[in-house]
Amino acid sequence: MFSKEEKEVVHRVIKTRRDIRSFLKTPVPEKILFQLIEAAHHAPSVGFMQPWNFIIISSDKVKKKLAWAAEKERRALSIHYENDDRAEKFLSLKIEGLKEAPYTICVTCDPTRGGSHVLGRNSIPETDIMSTACAIQNMMLAACAEGVAMGWVSFYKKADIRDILNIPPHIDPVALLSIGYTENYPKAPILETENWEKRRNLSGLISYETWGVPTLNTEE
Ligand SMILES: Cc1cc2nc3c(=O)[nH]c(=O)nc-3n(C[C@H](O)[C@H](O)[C@H](O)COP(=O)(O)O)c2cc1C
């Protein structure tokens, strides 16, 4: 179905995609913005329920309100990081990003979409949020391929975001995504280069037949 080169590109985009914290004011063409949303809309979803909506925010007035909600949460979180200035710095950068990036998209999840018995969601209700996360990931990959930077913000009180964006109480604001261009698209996760966390060794995460069996038993 796909040529060798096309396959390589898919893997390259997956490995190149980064979460971005600083943005230029350079505008993002609307056409590209809608391509990213289109990519999101082609994500898999439990029972094909497509629980997502996308609120496009470009006014400084609303962006500032969102940044206020995130800043309030940053302050609340800071008690957990009393001895770690880096955590505060990482979170602050994201708040700046919310104000700087030309667009913020709030991606929401409607758990009621498709009625009370969405195929497959009966068993694991969180699959609606998982589906929304798949949409966001599609968007991030498409953005990376377009050379567009995207940053995921999830530290806020949902009630604040509902108030600011007039979102009904049953709808979940899953993510605020800053979208724009950046000067330096990082080569590695920023939390890795700042020695916060490393990518785990994949082989330690794979087991065979049952949990925690690290090698395939070929004798049986
Ligand atoms: C569900 C989810 C929520 C996230 N929330 C935040 C957030 O609130 N603030 C933040 O700075 N980064 C957030 N991130 C970005 C991660 O920190 C980032 O993906 C991780 O450090 C790995 O870096 P990479 O995306 O560049 O590979 C979030 C990512 C995911 C998947």
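1. Two strands are taken to pair if DSSP finds at least two bridges between them. With that term in place, this note considers a predicted model. In it, Thr-108 has Pro-173 of β4 as its bridge partner. The strands concerned, β2 and β4, are joined by 7 bridges and run antiparallel.

2. The overall composition may be stated next. The protein contains 7 helices and 4 strands. Read from the N terminus, these elements follow the order α-α-β-α-α-β-α-β-α-β-α. Along the principal axes, the C-alpha atoms fill a box of roughly 65 × 45 × 45 Å. Of the 220 residues, 39% count as buried. As to contacts between residues at least 6 apart in sequence, 80% join residues at least 24 apart.

3. An annotation is available for part of the chain. The UniProt record, an unreviewed entry, places the feature "domain: Nitroreductase" at residues 14-181. In the model, that span is 46% helix and 16% strand, and its end C-alpha atoms lie 18 Å apart.

4. Strand β4 deserves a point of its own. This strand covers residues 172-180 and is mostly covered, with 9 of its 9 residues buried. Besides its pairing with β2 through 7 bridges, β4 is joined to strand β3 (residues 149-153) by 5 bridges, and β3 and β4 also run antiparallel. Within the latter pairing, Ala-149 has Gly-180 of β4 as its bridge partner.

5. Helix α4 comprises the 16 residues 85-100; at 1.5 Å a residue they should span 22 Å, and the end C-alpha atoms are indeed 22 Å apart, so expectation and model agree. The buried residues of this helix are Ala-87, Phe-90, Leu-91, Lys-94, Ile-95, Gly-97 and Leu-98. Because these buried residues fall within an arc of 155° when α4 is seen down its axis, they line one face of the helix. The spacing has a general background: an α-helix has 3.6 residues a turn, so residues three or four places apart point the same way. The partners of the buried residues of α4 are α3 (60-77), β2, β3, β4 and α7 (190-193), against which they pack.

6. Is Arg-121 buried or exposed? Its relative accessibility is 16%, and since buried means under 20%, Arg-121 counts as buried. The residue is located in the loop between β2 (103-109) and α5 (127-146). Its side chain makes a polar contact with the side chain of Asp-128, at 3.0 Å. When residues up to four places away in sequence are not counted, Arg-121 touches Val-46, Met-49, Pro-111, Thr-127 and Asp-128.

7. Two residues merit attention for their backbone angles. Most residues other than glycine have a negative phi. Asn-195, by contrast, has a positive phi of about 60° although it is not a glycine. Glu-209 likewise is a residue other than glycine with a positive phi, near 65°.

8. Where do these two residues lie? Asn-195 lies in the segment after α7, and Glu-209 is found in the segment after α7 as well. As exposed means over 50% relative accessible area, Asn-195 counts as exposed at 65%, and Glu-209 counts as exposed at 74%.

Key
Residues numbered from 1 in each chain as written. Predicted model: local features only at pLDDT ≥ 70, side-chain atom pairs only at ≥ 80, totals over all residues. Heavy atoms only, no water. Buried < 20%, exposed > 50% of the residue type's maximum accessible area, 1.4 Å probe, protein only. Polar contact = N/O pair within 3.5 Å; in protein donor to acceptor, adjacent residues only side chain to side chain. Contact = heavy atoms within 4.5 Å. Expected span 1.5 Å × (residues − 1). Arc of directions from axis to C-beta. UniProt positions renumbered as here; feature names shortened; annotations may be inferred.
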